[in-house]
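Reader: I'd like a close look at one part of this, please, set in its surroundings. Take your time and keep it chatty.

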There are 4 protein chains.
Amino acid sequence: MTGNDGNERTDSQDAGPTAGPTAAQDRRPALGVGMVGYAFMGAAHSQGWRTVGRVFDLPMRPVLAAVCGRDATAVRAAADRHGWAAAETDWRALVARDDVDVVDICTPGDSHAEIAVAALEAGKHVLCEKPLANTVAEAEAMAAAAERARAHGRVAMVGFNYRRVPALAYARRLIARGRLGALRHVRMTYLQDWLVDPAFPLTWRLEREHAGSGALGDLGAHIVDLALHLAGEPLEGVSALTETFVRTRPLPTGAPGGLRAPGGTGRGPVTVDDAALFTGRLASGALVSFEATRMAAGRKNALRLEVNGERGSLAFDLERLNELSFYDGDEPAESAGFRRILVTEPDHPYLEAWWPPGHALGYEHTFAHQARDLVHAIASGTEPEPSFADGLRVQRVLAAVEESARKNALYTLVHTPVSP
Amino acid sequence: MTGNDGNERTDSQDAGPTAGPTAAQDRRPALGVGMVGYAFMGAAHSQGWRTVGRVFDLPMRPVLAAVCGRDATAVRAAADRHGWAAAETDWRALVARDDVDVVDICTPGDSHAEIAVAALEAGKHVLCEKPLANTVAEAEAMAAAAERARAHGRVAMVGFNYRRVPALAYARRLIARGRLGALRHVRMTYLQDWLVDPAFPLTWRLEREHAGSGALGDLGAHIVDLALHLAGEPLEGVSALTETFVRTRPLPTGAPGGLRAPGGTGRGPVTVDDAALFTGRLASGALVSFEATRMAAGRKNALRLEVNGERGSLAFDLERLNELSFYDGDEPAESAGFRRILVTEPDHPYLEAWWPPGHALGYEHTFAHQARDLVHAIASGTEPEPSFADGLRVQRVLAAVEESARKNALYTLVHTPVSP
Amino acid sequence: MTGNDGNERTDSQDAGPTAGPTAAQDRRPALGVGMVGYAFMGAAHSQGWRTVGRVFDLPMRPVLAAVCGRDATAVRAAADRHGWAAAETDWRALVARDDVDVVDICTPGDSHAEIAVAALEAGKHVLCEKPLANTVAEAEAMAAAAERARAHGRVAMVGFNYRRVPALAYARRLIARGRLGALRHVRMTYLQDWLVDPAFPLTWRLEREHAGSGALGDLGAHIVDLALHLAGEPLEGVSALTETFVRTRPLPTGAPGGLRAPGGTGRGPVTVDDAALFTGRLASGALVSFEATRMAAGRKNALRLEVNGERGSLAFDLERLNELSFYDGDEPAESAGFRRILVTEPDHPYLEAWWPPGHALGYEHTFAHQARDLVHAIASGTEPEPSFADGLRVQRVLAAVEESARKNALYTLVHTPVSP
Amino acid sequence: MTGNDGNERTDSQDAGPTAGPTAAQDRRPALGVGMVGYAFMGAAHSQGWRTVGRVFDLPMRPVLAAVCGRDATAVRAAADRHGWAAAETDWRALVARDDVDVVDICTPGDSHAEIAVAALEAGKHVLCEKPLANTVAEAEAMAAAAERARAHGRVAMVGFNYRRVPALAYARRLIARGRLGALRHVRMTYLQDWLVDPAFPLTWRLEREHAGSGALGDLGAHIVDLALHLAGEPLEGVSALTETFVRTRPLPTGAPGGLRAPGGTGRGPVTVDDAALFTGRLASGALVSFEATRMAAGRKNALRLEVNGERGSLAFDLERLNELSFYDGDEPAESAGFRRILVTEPDHPYLEAWWPPGHALGYEHTFAHQARDLVHAIASGTEPEPSFADGLRVQRVLAAVEESARKNALYTLVHTPVSP
């Protein structure tokens with residue numbers, strides 16, 4: 001045991017700073033969660049839902065009510081593995097369950113709109129994975145549904161989980177406080193390398209009909225949302241280049257599943273981008289650059305960003321997610337420098353509930369933080385962040401990127417409807 | 001959602017790589033866990049026990065049976081918070097429970113020996129926090145009890161959780177494979193800073209009767225265990241300096257708890273070391289240096305190590321726990337360099353069960369890994385690592401350090417009894 | 001003294017690895033250098049010329065013959081300070097000197113063409129600071145003059161000195177050997193911050209008539225040259241955004257010099273860009289991004305680049321110029337990682353002449369390396385790199401950038417004339 | 001050209017910030033330098049002497065008068081190569097020259113005392129490479145000679161050049177200003193790897209009679225001097241372990257030189273340490289650790305240090321010598337972190353004379369800085385730092401280290417004579 005909690009020898013006298021009421025006294029309302037999909041994102045969301053109530057003080061008591069997937073045996077196994085009480089094979093049945101208050105959508109983008117709208121119309125709260133949808137039209141329908149549901153006290157959140165990395169939440173706090181002054185540059189990259197190998201198979205993520213786009217929607221959506229969130233202002237327009245370096249790939253082997261006929265041994269066309277490179281201007285005139293790629297050898301999860309303002313700068317790398325680099329331009333030149341802040345102090349966002357300073361958090365903690373914030377929003381009836389409107393805003397940027405790419409990189413305004 | 005799992009659109013067809021049998025079919029035996037203590041370590045162990053079966057394929061099914069603490073209300077709250085089915089106020093009652101197969105000891109060091117020996121004699125498996133004990137005599141008694149229990153198929157493990165940081169488990173693998181050749185230097189530091197402030201109060205960790213020693217037992221025990229584990233050979237002897245920079249501190253306020261009369265507003269003497277600095281030689285002749293301190297301003301959890309061998313070197317920093325730095329001396333000089341390995345590949349220890357490459361793990365994952373390895377050891381009846389004998393070995397080093405410090409740093413052999 | 005030269009106790013027996021013939025025996029031809037301008041670049045070039053013959057074995061003997069500037073007193077002082085034998089106040093007189101074989105042009109861009117063409121026509125070799133010129137037309141005239149001079153055995157080099165950072169010369173070597181495979185991404189930034197302060201005065205570098213452009217020509221020219229040099233292929237086209245964040249600045253105080261009337265206390269318009277952001281495609285289809293700015297708070301000289309190929313990646317930061325980061329994708333995933341190569345080994349470019357491994361070089365060494373390579377080119381009559389043709393190529397990219405910026409970021413082809 | 005000097009277009013009007021008087025007006029006295037030895041250190045000192053007057057404003061005009069070595073041909077070649085006007089083959093002749101005011105001793109340690117004492121007695125100033133001598137007795141004689149010479153206005157300096165790394169000079173400034181508060185820990189390592197290969201030959205540096213000691217005197221002397229200099233207080237005592245991992249090595253081939261009979265093909269014993277590990281206490285009670293080794297695979301020149309005080313910390317790595325890492329404990333915990341200060345601002349020590357911010361200096365610059373400070377000390381008649389008394393102080397620590405190592409690491413007081 002290693003620690004700096006000065007009073008640990010109180011194991012039998014007090015319950016520590018995080019303890020809640022005993023079970024018998026727990027009069028907090030239950031909040032039943034129903035999750036659709038249980039692959040990578042499903043596993044991450046499950047860990048978030050299982051953990052959130054053990055770590056944070058919450059106004060409601062999350063219950064892992066049911067999980068949904070098409071194969072009865074497999075979804076039953078997933079329910080057991082991840083701790084969900086029930087299993088469903090039809091998402092409509094899940095949405096219809098009385099014990100489900102929140103529908104958590106972890107499926108590919110082409111099914112988001114249908115499920116989310118139905119769930120909202122059925123009076124459920126919704127948490128939907130990003131990107132919000134595959135098209136602006138779908139995203140508009142979802143945002144409209146969320147708007148209507150708000151009138152009935154239902155909330156909808158989109159899963160841009162990286163906003164909940166403590167270092168990035170703290171970055172937003174510093175910018176909002178004016179510590180950077182007027183922004184000049186926002187520089188966003190999200191680099192991965194899992195498509196470098198040309199023998200990597202043609203999975204659904206490489207097919208436009210299912211994934212909507214490639215690196216753009218998968219990685220680019222994250223950095224667009226973060227840029228807008230951190231800067232706190234909209235993107236005026238973009239100029240974009242996209243590229244598909246490997247144009248055909250081997251069809252995947254094995255049972256491919258419902259949406260795709262069993263593959264032979266041939267190759268198929270990659271119908272999404274491998275990389276997207278775009279620049280733009282924020283409303284304030286700051287310049288922004290974005291790069292999303294799955295072809296950067298050696299970069300495993302390099303969401304890297306830098307923001308430069310008149311008074312200072314911030315830098316971050318998701319591969320070192322417990323750290324934020326901050327340059328305070330108000331310091332004398334002699335002693336100024338980018339400082340590596342370990343974002344693990346009790347004062348930092350979300351950290352009051354975790355471990356002592358210097359004890360690292362990981363990727364999955366963002367899902368517990370997301371669940372925490374959603375529960376608070378539901379309990380208080382306030383609009384969660386990022387809302388479906390935020391998700392739509394990102395979708396409009398992605399659409400402008402694709403339009404600009406088609407128009408030879410011509411600077412293309414991001415559509416911003418006039419509010420009624 | 002961001003990922004490189006090529007086949008995620010299988011949400012309704014298959015259960016992903018981690019799914020187990022459905023509940024109805026789950027014929028795995030239950031493994032009841034009873035935990036004593038529920039402060040910082042208790043919270044971390046709880047998270048480990050709650051998570052391990054959700055992530056890893058295990059031969060047994062861990063059940064969080066009961067938690068123990070002296071205050072009935074507080075322990076009940078802790079049970080609810082952390083997910084334990086029952087609460088006990090007497091550790092003897094916990095040990096006596098039929099539904100408890102493993103006793104997990106998360107109390108300060110002065111109670112380890114009594115609880116562990118009783119639990120082993122009662123036929124329970126034991127997981128005991130580090131350091132194993134406050135004295136060599138206690139540790140010997142514990143190791144002897146573990147030895148006797150082994151004859152009855154019971155196992156005992158000491159909680160040097162940092163062995164389970166994937167980067168360090170991988171470091172051990174590289175050394176064991178001979179990638180470093182003959183070792184020349186092992187350099188270990190564990191730096192924290194929570195005692196820099198002289199106004200920090202006199203908690204139990206600063207009292208010899210409860211904590212045994214200061215930075216030496218708290219931090220030094222970790223780096224001694226790691227050095228021996230990584231090198232794979234014993235320490236011949238040590239030369240040590242220790243220091244208490246702040247000799248008195250304010251008594252803690254508030255209800256101090258059972259073992260200490262309510263404090264006044266005065267000050268009390270610090271009876272443990274603030275820092276310990278020691279050097280030594282491994283059996284092979286390699287030189288080793290150790291530094292443990294809680295007075296290194298700005299270092300929050302800087303367990304840093306470097307190992308230099310004839311063929312290469314390794315370096316690690318717990319503040320960046322997903323990374324291992326490796327210098328391969330077999331490379332041509334032109335292209336050789338310390339490489340930063342992100343230890344998040346499926347081939348890396350423990351990683352097959354977690355997230356895609358580049359998705360960081362955190363501090364608490366070590367407790368899930370520890371639980372995983374303990375469950376496997378119990379199921380297979382094999383000696384877990386680190387065993388109580390390993391814990392005793394560390395205790396003997398700590399004793400030699402204290403003896404050397406008393407003898408003006410004279411090189412002092414570490415006692416190594418001849419095996420019968 | 002710290003070192004690993006095993007045989008240093010030979011101080012009286014041998015002259016070490018770098019010694020040349022004694023002066024009496026030195027039959028190497030002298031190479032007279034005449035330098036125009038003596039501010040920042042002049043000081044750096046002077047250090048290069050003074051040092052090159054002391055460190056490298058050269059086929060000719062560089063002589064610092066004369067330096068030129070308009071103010072007789074000041075240029076005389078500069079000559080004494082920097083070690084030039086004579087001082088001239090008219091560049092035509094310098095070019096006409098018999099003891100000047102090489103004219104080294106360190107003036108602002110608007111005078112490059114006139115001086116360089118005259119010097120070449122007078123039968124001198126020329127080294128010209130970058131960017132080659134302020135316009136494509138000037139650069140074309142210069143390249144044509146260099147082409148004509150080549151027929152008479154005279155050579156011309158442009159001062160893209162960063163090619164001579166050993167780590168970047170080594171990077172080029174690795175790419176040329178195919179260690180990265182087919183390139184996918186080239187990512188270039190050059191960030192400085194000296195214009196962040198809006199009170200910084202309106203110097204010649206902020207006036208289009210003298211500087212040609214702002215960050216684009218000053219910083220962007222370097223990264224365009226490096227990108228083309230490292231990739232070894234031309235840039236097909238670009239899409240660009242440029243911005244001037246601070247539109248007016250205080251006029252400089254003090255005697256402003258010949259080209260500008262003494263300033264009052266007012267403000268004047270900034271007529272160049274503060275930042276330029278552009279993307280493009282290499283001939284092979286690789287995507288390239290560039291960012292040049294003087295408004296990135298805290299970034300003092302951050303020429304950072306990353307190149308990703310099918311087989312590996314490279315990264316570099318001029319603020320740590322002795323290091324190159326290399327990811328070898330041929331390594332097993334388990335042990336792969338970006339390695340930090342200290343580019344100070346005898347096998348590395350230029351390093352055979354300097355200090356033992358690990359002993360850092362600095363910024364100014366690039367000028368000694370540049371001088372070395374120029375002397376060798378002159379002695380052997382081979383075309384130096386980068387040639388004026390290379391400088392023209394960069395100029396055409398800068399022109400395309402400005403054209404694209406005027407056309408709303410429309411993708412604009414870089415003009416590449418058909419060779420006769 | 002890349003820069004932030006706003007007024008560079010003044011090439012013909014002013015001479016820039018570094019210009020001195022014209023040659024005709026230069027009434028500064030000449031300062032003739034005579035250097036003994038011309039291998040690695042001789043080359044570095046030559047570069048320092050050649051450069052210092054070109055960069056810094058000095059009260060005297062350094063002249064490279066003569067260099068000395070035993071082989072007439074070789075020393076003549078070295079003189080030409082490095083720019084020394086004359087060559088001598090007997091150091092006594094060099095000392096006797098009228099045009100030599102400063103004797104710069106760059107020979108191995110066993111000749112330092114004889115040359116330095118003779119030079120001081122001949123009325124010369126002396127700069128002597130480190131370590132000052134091979135024994136305390138020699139160092140005492142040298143310090144006494146320096147003391148006597150001071151009465152006649154002659155000064156003596158020892159070449160601990162790393163004090164002149166700007167980042168370390170700035171570190172000293174921060175500590176002296178109290179920015180770290182009371183010191184708790186000083187942690188010094190100096191790691192190299194050139195002896196890792198057991199086939200590396202038995203050069204003079206591995207022979208006690210010439211080198212005095214191994215890593216201890218070569219590398220350890222530097223870190224002892226730096227620790228004392230940075231902390232500003234003496235070392236009370238030390239506890240030490242030393243080791244020679246490779247006990248015999250091949251005899252060097254080739255003409256071995258005057259002091260050693262030509263080697264055969266056999267092996268000889270290494271008579272110095274490969275590594276030295278020692279701990280100690282400063283007078284204030286702060287704990288200090290030192291490690292010097294030439295067996296740390298992959299560490300080329302890793303002089304790394306960290307100083308922790310009550311109010312903050314500093315860290316440095318010679319492989320990144322333009323950076324200083326500073327933790328300011330007065331910052332709020334939320335925004336505190338180690339900041340990477342690029343020590344290239346005009347306010348930083350020695351930097352006013354060099355390049356714009358962010359333009360790196362290298363290893364050799366320390367020798368120009370050393371020369372600068374020595375010239376100022378000579379001109380002003382003040383005691384230079386580090387003096388021979390400082391060199392003796394280091395020698396006494398090294399002697400205590402060797403004594404402690406012989407006594408099984410027993411804590412051994414550093415001899416400190418009572419001042420009269």
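Author: Let's start wide and then zoom in. In chain A, 70% of the contacts with a separation of 6 or more are between residues 24 or more positions apart; a contact means that two C-beta atoms, placed from the backbone, lie within 7 Å. Keep in mind that this is a predicted model: local features need pLDDT of at least 70, side-chain atom pairs count only at pLDDT 80 or more, and totals for chains, interfaces and linings use all residues. As for labels, residues are numbered from 1 along each chain as its sequence is written, while chains are lettered from A and ligands numbered from 1 in the order in which they are written.

Chain A holds 10 helices and 17 strands, both being DSSP runs numbered from the N terminus (helices are H or I, at least four residues; strands are E, at least two). Its radius of gyration is 22 Å, close to the 22 Å that the globule rule gives for 420 residues, so chain A is as compact as a globular protein of that length. That radius is taken over C-alpha atoms, and the rule is 2.2 Å times the number of residues to the power 0.38. Along the principal axes, the C-alpha trace of chain A spans about 70 × 65 × 50 Å. As many as 66% of the 420 residues of chain A count as buried, a label for residues with 20 or more other C-beta atoms within 10 Å of their own (12 or fewer is exposed, in between is partly exposed, and C-beta atoms are placed from the backbone).

Chain A splits into domain 1 (26–161) and domain 2 (162–413), with bounds from an automatic or database domain assignment. The C-alpha centres of the two domains of chain A are 22 Å apart, and 39 residues of domain 1 are in contact with 43 residues of domain 2. On the domain 1 side, α1 (40–55), β5 (125–129), α5 (136–150) and β6 (156–159) of chain A each supply at least two residues, and α1(A) gives the most, with eight. That side of domain 1 of chain A divides into 25 nonpolar, 10 polar and four charged residues. For the record, Ala, Val, Leu, Ile, Met, Phe, Trp, Tyr, Cys and Pro count as nonpolar, Asp, Glu, Lys and Arg as charged, and the others, Gly among them, as polar.

Now the close-up: the strands around β15, seen in chain D. Strand β15 (residues 323–328) of chain D has six of its six residues buried. Glu323(D), Ser325(D) and Tyr327(D) cover one side, and Leu324(D), Phe326(D) and Asp328(D) the other, all of them buried.

What does β15(D) pair with? One partner is β14 (residues 312–317) of chain D, antiparallel over four bridges; strands pair here if DSSP finds at least two bridges between them. Five residues form the hairpin that joins β14(D) to β15(D), and Leu314(D) stands opposite Phe326(D). Another partner is β16 (residues 338–342) of chain D, also antiparallel and over four bridges. There, Leu324(D) stands opposite Ile341(D).

Follow β16 to the other chains and you reach a chain-to-chain junction. Between chains B and C, 14 residues of chain B are in contact with 14 residues of chain C, and β16 (residues 338–342) of chain B supplies the largest share of the chain B side, five residues. The chain B side is made of six nonpolar, three polar and five charged residues. β16(B) and β16(C) pair in the antiparallel sense over three bridges, with Arg340(C) as the bridge partner of Phe338(B).

Past β16 there's a backbone oddity to check. Tyr350(D) has a positive phi of about 75° although it is not a glycine, and Tyr350(D) sits in the loop between β16 and α9 (365–380) of chain D. Tyr350(D) is buried, with 21 other C-beta atoms within 10 Å. Over in chain C, phi of Tyr350(C) is near 75°, in the loop between β16 and α9 (365–380) of chain C.

Two cis peptide bonds may interest you as well. Lys130(D) and Pro131(D) are joined by one, with omega about -10°, and Pro131(D) lies in the loop between β5 (125–129) and α5 (136–150) of chain D. The bond from Glu385(A) to Pro386(A) is cis too, with omega near -5°; Pro386(A) falls in the loop between α9 (365–380) and α10 (388–406) of chain A.
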